[in-house]
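Please open the structure in your viewer and keep the sequence panel visible beside it. The tour proceeds by selection, with a short account at each stop.

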Amino acid sequence: MPEKVALVTGSSRGLGRAIALDLARRGADLIVNYRTRKDDAEAVAMEIRSMGREAVAIKADVADEGAVKAMVDQAMEAFGGLDILVNNAAIHRGGRVQLVSTEDWDLVINATLRGTFNCCRYVIPYMVERSRGRVINISSPSGDHGYPGDTAYGSAKAGLIGFTKSLAKEVAGKGITANVVIPGFLQTDMTAVLFDTDEKISTALKGIPMRRPGELQEVAEVITFLAFKGSYITGTVIRVDGGMGM
């Protein structure tokens, strides 16, 4: 049994990839979860193995309960345990409330909030069995203080905060912590769609006291700290946002 085994959802690219790689550098073996980007996920797993750690890429749509159960079963078969769960997977669909389709609403809520519920539902029992575990859920400024056109995404990400606080109280006596990390403005594939002009980027930076985007590694390092240390931190929302949430 390795020192730590981590499952990071949506870890084939972007922030999820950075989190998986940083956990591996610290000594964790990884389940690299993906929904559609198999080649990217396999590349992440190969990079982790090049560090001397073990990694398997597993396809699962976290909104699908059966797929999540199968992924967790496969992870347990491969590694014999799960110590760290990072719920990073999310889908963004924007638009003013009167224009958001029911399909888009359900897609965002299911991928982000229901997906976290599904993963916790099947991972937590194994953590309870071993009296140890770390759950880190990735929220967003949209869930913290809202943005126009983000009712679906903001609802899902705000829901993660309430979910995590309740979960933290449920499992606090079992050696398990649960926390939320809110990254600020990161330049990723997702934000590139939202901030697609210099003017939009400039406007976003004006709302950040540090006047720069965050680096993926800066967020990943906080998550790694919670995963490997942070034994007396639970039910907490940690903002890694250059002061944007002040």
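The stops below pass from a central strand to two helices, a loop residue and a pair of cysteines. Please bear in mind throughout that this is a predicted model.

**Stop 1: strand β2**

Select residues 28-34, which form β2. Of its 7 residues, 7 are buried. One side carries A28, L30, V32 and Y34, the other D29, I31 and N33, and both faces are covered. In a regular strand, side chains point alternately to the two faces of the sheet. Now add β1, residues 4-8. β1 and β2 run parallel and are joined by 5 bridges. To see one of these pairings, display V5 together with D29, its bridge partner in β2.

**Stop 2: S12, after β1**

Move next to S12, in the loop between β1 and α1. Is S12 buried or exposed? S12 is buried, because its relative accessible area is 9%. Apart from neighbours within four places in sequence, its contacts are R17, N33, Y34, R37, D40, A41 and V44. Among them, N33 and Y34 have already been seen in β2, while A41 and V44 appear again at the next stop, in α2.

**Stop 3: helix α2**

Select residues 38-50, the 13 residues of α2. From first C-alpha to last, α2 reaches 18 Å, close to the 18 Å expected at 1.5 Å a residue. Colour A41, V44, A45 and I48, which are buried. These residues lie on the same side of α2, because they cover an arc of only 95 degrees around the axis. In an α-helix there are 3.6 residues a turn, so residues three or four places apart point the same way. Turn to the other side of α2 and D39, M46 and S50 are exposed. The cover over the buried residues of α2 includes α1, β2 and β3. Beyond the helix, select G52, whose phi is positive, near 90 degrees.

**Stop 4: helix α3**

Select residues 65-79 for α3. Its 15 residues should span 21 Å at 1.5 Å a residue, and the end C-alpha atoms are 21 Å apart, which agrees. V68, M71, V72, A75, M76 and F79 are buried in this helix. Viewed down the axis of α3, the buried residues fall within an arc of 135 degrees, so they line one face of the helix. Their cover includes β1, β2, β3 and α4.

Inspect the two ends of α3 as well. D64 caps the N-terminal end, with a side-chain oxygen 3.0 Å from the backbone nitrogen of G66. Just after the helix, G80 has a positive phi of about 80 degrees.

**Stop 5: C119 and C120**

Go to α4, residues 102-130, and show the side chains of C119 and C120. C119 is buried at a relative accessible area of 1%, and C120 is buried at 4%. Why is there no bond between their sulfurs? The sulfur of C119 is 7.0 Å from that of C120, its closest cysteine sulfur, and this is too far for a bond; a disulfide would require the sulfur atoms to be within 2.5 Å. The count for the structure is 0 disulfides.

**Stop 6: K174**

Finish at K174, in the loop between α6 and β6. K174 and C120 are 54 residues apart in sequence and 14 Å apart in space, C-alpha to C-alpha. K174 is partly exposed, with a relative accessible area of 42%. Leaving out neighbours within four places in sequence, K174 is in contact with V128, S131 and R132.

Methods
Residues numbered from 1 in each chain as written. Predicted model: local features only at pLDDT ≥ 70, side-chain atom pairs only at ≥ 80, totals over all residues. Heavy atoms only, no water. Buried < 20%, exposed > 50% of the residue type's maximum accessible area, 1.4 Å probe, protein only. Helix = DSSP H or I, 4+ residues; strand = E, 2+ residues; numbered from the N terminus. Expected span 1.5 Å × (residues − 1). Arc of directions from axis to C-beta. Contact = heavy atoms within 4.5 Å. Polar contact = N/O pair within 3.5 Å; in protein donor to acceptor, adjacent residues only side chain to side chain. Pairing = 2+ DSSP bridges.
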